[in-house]
Amino acid sequence: MSKITVALEAAVAAVSANMPPEGNEQTRRQRAEVDRAFARILKLIAPRIRHFIRQYGLVGHWDDAEQCCAIAVHRAILAYEPEKAQFTTFVNWQIRGELQSLRFRVMTDQRPSARKVEATTVSLDAITGGEDGEGLSILAAIADEDALGRTEAGASDYLAHSAMSALTDSYVEHMRNSGLDRIRRRAQPRKLTRAERAAGAVAQRRPVLDTGEVGELEQRLQHNRQVVEGRLFETSALDGAEDETVRERMRQIAKRAAKTMSDLAVADPRFALMAEYRQAMVAAH
């Protein structure tokens, strides 16, 4: 390490040694030692501060830049962790950050693309006026107090709709499998009577799945899906709901679907939470 680096480490160690434990008051002697060590640190890194001020184009704001650098040194001392890096690394990044923030506050954006549209880069740490006249940072001014609530509500609605959609798909798939099983059973050949067998008749095997019956099944499933979504979950509109006969048919479909989906929710681990909620509601009543 260079002599300056060694001297900086010693000065920072002096500051740390004179900082009392949390809850204890700092003595006058300790404050004096800290002030002397801090002044020593500023003197050691003065060339570096001058270099950074020129590098960031803040020569015209020299006093403000020096104050920012002093703040950066103070923050670097508080954040310093010797086991991670040397103090010079901590202080360099702090100085850069403070000077960059100052440049954003006092200068327009110097990038060519920004100059074309006369853009101004504003730091989120810049101070503006609040309604009560007190200082208010831009970050606080744009903070949305209701954002968390809306985010949680949106996430809750999304999860609820996803669960309803998954449960509806599970119900439709269950009804499709049941309907196809019935069609297959009806497609089995009829057993011949004894007389027919004696006469040498041969059983005629029908197709395993009748396309007409499968089409009718899919139409019923589509209608049932619409009833479930419209009557149980209220996520879609229902056609013909003004007719009393149609409304009664929909009510019956929805009632059977609710019973089926309740059984599916109990059996499927994906819907364990919904099943637990249903059991709690039943127990409460």
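Which helix holds Glu-218? I found Glu-218 in helix α10, residues 211-232; helices here are DSSP runs of H or I with at least four residues, numbered from the N terminus.

A note on the model before I go on. I am reading a predicted model, where local features need pLDDT of at least 70, side-chain atom pairs count only at pLDDT 80 or more, and totals for chains, interfaces and linings use all residues. Residues are numbered from 1 along each chain as its sequence is written, and side-chain values use heavy atoms, with hydrogens and water left out.

Entry: Glu-218. I looked up its accessibility: Glu-218 counts as partly exposed because its relative accessibility is 32% (buried is under 20%, exposed over 50%, partly exposed in between, with a 1.4 Å probe and protein chains only). Gly-179 lies 39 residues from Glu-218 in sequence, and their C-alpha atoms are 9.3 Å apart.

Entry: α1. I counted 15 residues in α1, and its first and last C-alpha are 21 Å apart, close to the expected 21 Å (1.5 Å times one less than the number of residues). Its buried residues include Thr-5, Glu-9 and Val-15. The buried residues of α1 pack against α2, α4 and α5 (87-106), with contact meaning heavy atoms within 4.5 Å.

Entry: a lining by class. For the second largest pocket I noted eight nonpolar, two polar and no charged lining residues. Nonpolar covers Ala, Val, Leu, Ile, Met, Phe, Trp, Tyr, Cys and Pro; charged covers Asp, Glu, Lys and Arg; the others, Gly among them, are polar. A pocket is an open set of points on a 1 Å grid over the protein atoms alone, where a 1.4 Å probe fits, with protein on both sides within 12 Å along at least five of seven lines, and lining residues have an atom within 4 Å of a point.

Notes
Helices (H or I, at least four residues) and strands (E, at least two) are DSSP runs, numbered from the N terminus.
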